[in-house]
Amino acid sequence: MCSSDLFSLVVSRHAPHHFHRLAKFLSEVRRVLKPGGRFVVADQISPSAEIEGWVDRWERTRDPSHFRQRTVAEWKEVATVAGFSWIEDQAVPYELPFDWWVKQAGCAEQAVQELQEQAGTADDVVRREMGIKFNTSGGVLSFMEPMMVARLER
């Protein structure tokens, strides 16, 4: 185990949505940061608590290693409990082409069909918040995946 107070900056990109123990991860980040050190995190988030369960099922269908996409409010809460000061955050919307997204994950045809079905049966709130776009045949063309970029300090 490394010593405490070693780093002035820690960065995590596109990973925490896989972490089952986010509080433990944040505790370790804080431990290795020098006083006043910065932690910058960029990770996909759920647009709202209302559709969080749908988002996680969608993501897990594509990538079984996915654990949970949190909302910004959840991030702020767990970071504050871990002893961080929340300095700033920004949500960056990404429009992801569906075919590219499933190809990048190496999805089997069954998973692709399940994802198409999930999108096709999604309610209006999910469709709106996820920005799901369909082609004329009803297949998913693209969707929005917000990315949170946040700066925290020890």
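In this predicted model, Lys76 and Asp89 form a salt bridge whose closest N and O atoms are 3.6 Å apart. Because Lys76 belongs to helix 3 (residues 72–81) and Asp89 to strand 3 (residues 85–97), the pair ties together parts that are 13 residues apart in sequence. Lys76 is partly exposed, at 34% relative accessibility, and Asp89 is likewise partly exposed, at 32%.

Strand 3 also contributes Glu95 to a salt bridge with Lys133 of strand 4 (residues 133–134), so this pair ties together parts that are 38 residues apart in sequence. The N to O distance between the side chains of Glu95 and Lys133 is 3.1 Å. Glu95 has a relative accessibility of 42% and counts as partly exposed; Lys133, at 43%, is partly exposed as well.

A further pair lies within a single helix. Lys24 and Glu28 are 4 residues apart in helix 1 (residues 22–32), which means that about one helical turn separates them. Their salt bridge has a closest N and O separation of 3.8 Å. Lys24 is partly exposed at 41% relative accessibility, and Glu28 is partly exposed at 24%. Together with Arg31, these two residues are linked in a network of salt bridges. Across the whole structure, the search finds 9 salt bridges, including the three tabulated here.

| Salt bridge | Closest N and O atoms |
|---|---|
| Lys76 and Asp89 | 3.6 Å |
| Glu95 and Lys133 | 3.1 Å |
| Lys24 and Glu28 | 3.8 Å |

Glu59, in helix 2 (residues 52–62), presents another situation. Glu59 is buried yet has no salt bridge, and the nearest side chain of opposite charge, that of Arg62, is 4.5 Å away. That distance does not meet the salt-bridge cut-off of 4 Å, so the two are not counted as a pair. Beyond its neighbours within four places in sequence, Glu59 is in contact with Gln44, His66, Gln69, Trp101 and Glu145.

Trp101 connects this site with the nonpolar interior. With neighbours within four places in sequence left aside, Trp101 is in contact with Glu59 and Arg62, and also with Trp58, Leu96, Leu115, Phe143 and Glu145. The largest nonpolar core has 19 residues, of which Trp54, Trp58, Phe98, Trp101, Met130 and Ile132 touch the most other members. Two or more residues of this core come from each of helix 2, helix 4 (98–104), helix 5 (109–120), helix 6 (124–130) and strand 5 (140–153). Helix 5 provides the largest share, 4 residues. A second, separate core comprises 17 residues, among them Val41, Ala79, Phe84 and Leu152.

Terms used: Residues are numbered from 1 along each chain as its sequence is written. This is a predicted model: local features need pLDDT of at least 70, side-chain atom pairs count only at pLDDT 80 or more; totals for chains, interfaces and linings use all residues. Side-chain values use heavy atoms; hydrogens and water are left out. Buried means under 20% relative accessible area, exposed over 50%, partly exposed in between (1.4 Å probe, protein chains only). Lys and Arg count as positive and Asp and Glu as negative; His and the chain ends are not counted. Contact means heavy atoms within 4.5 Å. A nonpolar core is a set of buried Ala, Val, Leu, Ile, Met, Phe, Trp, Tyr and Cys residues joined through side-chain atoms within 4.5 Å.
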